[in-house]
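Visitor: Could you take me through one part of this model in close detail, and then show me how the rest is arranged around it? I would like the plain version.

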Amino acid sequence: MISLQNIEKVYRTDTIQTLALNNISLDVAKGEFLSIMGPSGCGKSTLLNIMGLLDAPSKGSVRIDSQQTNSLGDKQLAAFRNKKLGFIFQSYHLINDLQVLDNVELPLLYRDTTAKQRRELAAQALEKVGLSNRMKHFPTQLSGGQRQRVAIARAIVGRPEIILADEPTGNLDSVMGNEIMDILTGLNQNEGTTIVMVTHDENMARKTHRLVRLFDGSQVQ
Ligand code: ADP
Ligand code: ADP
């Protein structure tokens with residue numbers, strides 16, 4: 001589903017050059033739930049951003065669902081990302097002055113949908129994460145675990161085949177973290193969604209199918 005070949009990422013500023021990823025090749029199968037671990041600064045977020053087409057590699061190729069993405073222009077890339085991928089971040093990235101339902105509808109604004117369809121799909125996504133009773137709330141009126149569930153609803157509302165999650169349980173206590181993991185595991189098992197998750201937590205990584213460890217930009221396992 002995702003195929004990375006010989007990925008290198010160099011960040012350059014006037015004075016410094018950082019080799020963030022050093023020749024990474026990695027295949028993620030359709031339906032797989034993969035976790036990525038490693039110390040701070042080892043390149044985990046960079047790798048996830050490259051998989052998610054949020055950032056381009058300095059060298060190497062990224063194929064998603066057989067599409068070679070290197071040749072896509074910015075507009076095509078944005079459309080492809082919107083259709084194929086859902087993102088979840090540690091810090092939720094919700095828009096605080098929009099109600100929960102409106103936050104969840106956001107990815108659908110870039111698609112050919114009516115307002116009624118968007119409301120229905122968003123309500124369904126919120127039902128899947130157990131938040132049907134919070135549609136009219138604002139994010140600041142929710143707990144961290146609830147906010148992350150809204151973020152998951154937003155990630156799945158367009159029915160992406162792939163979810164990329166960067167430390168989705170990083171700001172949560174273990175009870176709420178486990179709830180989030182249960183939702184992700186359910187999506188993987190019941191809907192066949194391919195999931196790649198960056199985590200610091202061995203307990204969370206253990207619940208996934210496979211673990212990739214990074215150290216200093218290289219894959220060590
Ligand atoms: P992790 O997610 O494992 O903490 P990152 O992928 O964020 O690691 O960063 C990998 C390396 O690349 C680090 O050394 C970091 O300082 C560097 N880096 C990340 N983003 C940038 C950037 N925008 N500009 C320069 N260096 C960066
Ligand atoms: P962390 O999970 O480590 O807190 P963030 O959640 O802040 O990291 O985001 C990880 C990376 O993804 C950052 O480089 C950020 O710029 C980028 N990012 C965050 N939100 C979005 C978004 N909605 N669309 C595109 N890129 C985003």
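Guide: Helix α1 is followed by L53, and the phi angle of L53 is positive, near 60°. Keep in mind throughout that this is a predicted model. The helix that comes before L53, α1, spans residues 44–51 and is mostly covered, with six of its eight residues buried. Those buried residues are K44, T46, L47, L48, I50 and M51.

Positive phi values turn up elsewhere too. R159 is a residue other than glycine, and its phi is near 50°. R159 sits in the loop that joins α5 to β7. Because its relative accessible area is 51% and the cut-off for exposed is over 50%, R159 counts as exposed. D216 also has a positive phi, about 55°, and is not a glycine either. Its place is the loop between β9 (210–215) and β10 (218–219). D216 is at 58% relative accessibility, so it too is classed as exposed.

Now the interior. The largest nonpolar core has 32 residues, and the members touching the most others are V104, L126, I152 and L184. The elements that each give two or more residues to this core are α3 (100–105), α4 (115–128), α5 (144–156), β7 (162–166), α6 (174–191) and β8 (194–198). The most comes from α5, which supplies six residues. Leaving out residues up to four places away in sequence, V104 touches A122, A125, L126, V150, A153, R154 and V157. Another core lies apart from this one; it has 29 residues, including I2, L47, V62 and F87. L47 leads back to the starting point, since it is one of the buried residues of α1.

Next, consider how α5 and α6 are set against each other. Their axes come within 9 Å and cross at roughly 15°. Angles under 35 degrees count as roughly parallel, and α5 and α6 are therefore described that way. The crossing of α5 past α6 is right-handed. On the α5 side, the residues that meet α6 are G144, G145, Q148, R149, I152 and I156. On the α6 side, their partners are M176, E179, I180, I183, L184 and L187. Two of these names have come up before: I152 and L184 are among the core residues that touch the most other members.

A residue from each of these helices can be looked at in turn. I183 belongs to α6. I183 has a relative accessible area of 17%, and buried means under 20%, so I183 is buried. Setting aside neighbours within four places in sequence, I183 is in contact with V129, R149 and I152. I183 and D65 are 118 residues apart in sequence, and their C-alpha atoms are 24 Å apart in space.

A151 is part of α5. Its relative accessibility is 0%, so A151 is buried. Beyond residues up to four places away in sequence, A151 touches F87, Y92 and L94. Here F87 is a name to recognise, as it is among the members of the 29-residue core. The C-alpha atoms of A151 and Q90 are separated by 9.8 Å, with their positions 61 residues apart along the chain.

The strands give two further examples. S61 is placed in strand β4, which covers residues 59–64. At 16% relative accessibility, S61 counts as buried because the limit is 20%. Apart from residues up to four places away in sequence, S61 touches S3, L4, Q5, I7, Q68 and N70. N22 is found in strand β2, residues 17–28. Its relative accessibility is 33%, so N22 is classed as partly exposed. With the same sequence neighbours left out, N22 touches I7, G217 and S218. I7 thus appears in the contacts of S61 and in those of N22. N22 and E191 are 169 residues apart along the chain, and 33 Å separates their C-alpha atoms.

Last, the record. An unreviewed UniProt entry annotates residues 2–220 as "domain: ABC transporter". Over that stretch the chain is 34% helix and 27% strand, and its end C-alpha atoms are 19 Å apart.

Terms used:
Residues numbered from 1 in each chain as written. Chains lettered and ligands numbered in written order. Predicted model: local features only at pLDDT ≥ 70, side-chain atom pairs only at ≥ 80, totals over all residues. Heavy atoms only, no water. Helix = DSSP H or I, 4+ residues; strand = E, 2+ residues; numbered from the N terminus. Buried < 20%, exposed > 50% of the residue type's maximum accessible area, 1.4 Å probe, protein only. Contact = heavy atoms within 4.5 Å. UniProt positions renumbered as here; feature names shortened; annotations may be inferred. Core = buried A, V, L, I, M, F, W, Y, C linked by side-chain atoms within 4.5 Å. Axes fitted to C-alpha atoms, helices over the stretch in contact; angles between N-to-C directions. Parallel < 35°, antiparallel > 145°, perpendicular 65-115°, else oblique. Left-handed = near helix turned anticlockwise from the far one by under 90°.
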